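Reader: I'm new to this and keep tripping over the labels people use. Could you walk me through one example and show how each label is earned?

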Amino acid sequence: MEVSMTEVVNVKNTGLRGVTVADTKISFIDGEKGVLIYRGYRIEDLAEHATFMEVAFLLLNGALPGKNELKTFEKQVMEARQLPGYVFDTFKQWPAGSRPMDVLQAAVPLLAMGDPDVNEDTREANFRMAVRLIARMPAAVAAWHRIRQRLEPLPPDASLPHAENFLWQLHGRKPDPEMATDLDVCLTLHADHTFNASTFACREVVSTRAHMYAGVAAGIGALSGSLHGGANAEVMKMLLELESEKDIPAWVKGRLDKGERIMGMGHAVYKTMDPRARFLKDMAYRLGKKTGQSKWHEISTRIEETALNAFAERGKTDIQPNVDYYSAPVYHIMGIHGDLMTPIFAVSRVAGWCSHIIEEKFAEAQEKPALYRPQAEYVGQYCGLVGCEYEPQETRK
Ligand SMILES: CC(C)(COP(=O)(O)OP(=O)(O)OC[C@H]1O[C@@H](n2cnc3c(N)ncnc32)[C@H](O)[C@@H]1OP(=O)(O)O)[C@@H](O)C(=O)NCCC(=O)NCCS
C-alpha cells in the first residue's frame with residue numbers, strides 16, 4: 001500500500017499486527033503453514049546441516065559461505081572473543097543479584113566504548129562490529145555468571161568452536177561435544193525471526209543513524225519481556241512448579257479461568273505449531289533419554305496436551321507451542337540456569353539483529369533509508385490550540 005506523508009492510516013492499538021512496515025531480504029514466515037526461512041533456506045534444513053557460524057554468515061551476507069569464507073569468518077569471531085579488561089572490572093562492581101538480561105543490556109554500550117569502529121558508519125565497519133558482538137555477547141553472559149558466583153571469568157579457548165567455547169566459559173568444564181552441537185542447533189533456530197519486537201526495536205533505533213551497539217542494546221531490552229524472549233525463563237518456572245503436580249488439568253484450567261497465559265504457547269504470526277518448537281521437542285526427548293532426565297520432556301508434553309485441549313474448549317485452536325516452550329527443558333537438561341535462558345536467546349538473535357541493522361542502515365531491501373516516525377492520536381486533556389490556562393503553583397490545590 002502506497003501512503004502519502006499527509007494521509008493517515010488508522011491501525012492504532014493493534015500492536016501493528018498485520019501492518020507491513022518495511023521490506024526485508026533476511027527471513028520469511030508463513031504463519032499458517034508453520035514455515036520459517038532464512039535467506040531462502042528452510043530452518044529445518046539449516047538446523048540439520050549448518051553450523052551457527054554458517055547461519056550467522058548467511059544472515060549477514062545473504063549467501064552461504066564458501067569453504068575459505070567460512071574459515072575466515074570463524075577465525076574472525078574466534079579472535080574477537082576476549083572481552084576488554086574494563087568490562088570485568090565494571091561487572092565486579094555490580095550487585096550479584098542483578099538480572100543477567102539487565103547486565104547483558106548494560107554490557108553492550110560498555111563494549112561500544114572499546115570498539116574502534118563505533119564512529120565509522122560504513123557497511124564494512126558495521127560488519128566488523130557485528131563480528132565482535134556475536135563473539136563477545138556469549139563471553140559477557142559467561143563472565144557475569146562466573147562473577148556473580150564470586151568466580152573468576154575464564155579465558156576463551158581458541159581450540160573450541162563457538163557453542164562449545166561458550167559452555168566452557170560458562171561452566172568451567174569442557175562440555176560433552178554432542179551437547180555443544182545441540183546448543184549450536186539451538187543458536188541456529190533462534191537466530192532470526194523477521195520483524196519481531198526486538199528486531200523492530202533494533203531497526204527503529206538505527207533508523208535514527210544511531211550505531212549498531214545502541215540498536216542491539218534496545219533489542220536486548222525488548223527481548224527481556226516475558227511476552228517475547230523472556231517466555232523461556234517463565235516456562236522453566238512453570239515446569240519446576242508442576243514437577244510433582246498431580247492435577248495438571250486443574251492447574252491449567254485455574255490459570256486460564258483467571259485470564260492468565262500459559263507461557264511458551266501462542267504466537268503473533270504462527271497459527272500452527274512453530275517449526276522451531278517441533279525441532280526442540282524432539283531434542284528435549286533425545287537429550288532427556290541420553291542424560292536420564294526424560295521427566296522434563298514428559299512434563300512439558302503433558303502440559304502441552306492439557307493446554308491444547310483447554311484452549312480448544314475455549315474455541316482457540318491456533319494457540320500452539322512456540323520456540324520458548326521446548327527450549328526451556330532443553331537448556332535445563334544442558335545444565336543452564338533459568339535466568340540465563342533468555343540471554344542465550346540474545347546470544348543467538350544478535351546475528352539476526354546485526355543483519356537487520358545493516359539492512360536498515362544501508363537500505364539493502366528498500367530504495368533509501370527512512371526514519372521510523374509513526375503517529376499517535378492524542379486523547380488527553382485538550383483546551384483548544386491556545387492551550388489550557390497555566391495556574392501558578394501558589395494558587396494550585
Ligand atoms: C505471544 C503472544 C503475545 C501472541 O499473542 P497474539 O495471538 O498476537 O494476540 P493476543 O496477545 O491478543 O492474544 C489473543 C488471544 O489469545 C489468548 N492467548 C494468546 N496466547 C495465550 C497463552 N499463551 N495462554 C493463554 N491465552 C493466550 C489471549 O489471552 C487473547 O485472548 P482474548 O482474545 O480472549 O483476549 C501470546 O500468544 C502470548 O502471550 N503467549 C505467551 C508468551 C509467550 O510464549 N511469548 C513468546 C512468543 S514467541
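Reader: What makes the side chain of K316 a polar contact of the ligand?

Author: Keep in mind that this is a predicted model. An N or O atom in the K316 side chain sits 3.0 Å from an oxygen atom of the ligand. The cut-off for a polar contact is a pair of N or O atoms within 3.5 Å, so this pair qualifies. As for cover, the ligand exposes 850 Å² when taken alone, and the protein buries 68% of that.

Reader: Which backbone atoms come within 3.5 Å of a nitrogen atom of the ligand?

Author: I262 has a backbone N or O atom 2.7 Å from a ligand nitrogen. For M265, too, a backbone N or O atom lies 2.7 Å from a nitrogen atom of the ligand. Both values fall within 3.5 Å, so each pair is a polar contact.

Reader: What else surrounds the ligand, by class?

Author: The shell has nine nonpolar, six polar and five charged residues. That is 20 residues around the ligand, with L227, R261, I262, G264 and M265 the closest.

Reader: Why is H356 called buried?

Author: Its relative accessibility is 0%. Buried means under 20%, so H356 gets the label. You'll find H356 in helix α16, residues 341–361. Neighbours within four places in sequence aside, H356 is in contact with several residues, among them T24, D192, F195 and R203.

Reader: How do you know that the buried residues of α4 line one face of the helix?

Author: Helix α4 covers residues 85–93, and its buried residues are V87, F88 and F91. Looking down the axis of α4, these buried residues fall within an arc of 100 degrees, so they line one face. A general rule helps here: an α-helix has 3.6 residues a turn, so residues three or four places apart point the same way. The cover over the buried residues of α4 includes α5 (100–113) and α6 (123–148).

Reader: Why is G254 called partly exposed?

Author: G254 comes out at 26% relative accessibility. Partly exposed runs between the 20% and 50% cut-offs, so 26% belongs there. G254 is part of helix α12, residues 248–257.

Reader: And what puts Q293 in its class, at 24% relative accessibility?

Author: The reasoning runs the usual way: 24% lies between 20% and 50%, so Q293 counts as partly exposed. Q293 lies in the loop between α13 (275–291) and α14 (295–313). Leaving out neighbours within four places in sequence, Q293 touches G288 and I333. Q293 and E74 are 219 residues apart in sequence, and their C-alpha atoms are 33 Å apart in space.

Reader: What is notable about the phi of N13?

Author: N13 isn't a glycine, yet its phi is positive, about 60 degrees. Most residues other than glycine have a negative phi. N13 sits in the segment before β1 (27–30).

Reader: Is N13 buried or exposed?

Author: Its relative accessible area is 76%, and exposed means over 50%, so N13 is exposed.

Reader: How do you know that R39 is buried?

Author: R39 has a relative accessible area of 18%, which is under 20%, so the buried label applies. R39 is in the loop between β2 (35–38) and β3 (41–42). R39 also has a positive phi, about 45 degrees, although it is not a glycine.

Notes:
Residues numbered from 1 in each chain as written. Predicted model: local features only at pLDDT ≥ 70, side-chain atom pairs only at ≥ 80, totals over all residues. Heavy atoms only, no water. Near = heavy atom within 4 Å. Polar contact = N/O pair within 3.5 Å; in protein donor to acceptor, adjacent residues only side chain to side chain. Areas by Shrake-Rupley, 256 points an atom, 1.4 Å probe, with all protein chains shown as cover. Nonpolar A, V, L, I, M, F, W, Y, C, P; charged D, E, K, R; others polar. Buried < 20%, exposed > 50% of the residue type's maximum accessible area, 1.4 Å probe, protein only. Helix = DSSP H or I, 4+ residues; strand = E, 2+ residues; numbered from the N terminus. Arc of directions from axis to C-beta. Contact = heavy atoms within 4.5 Å.
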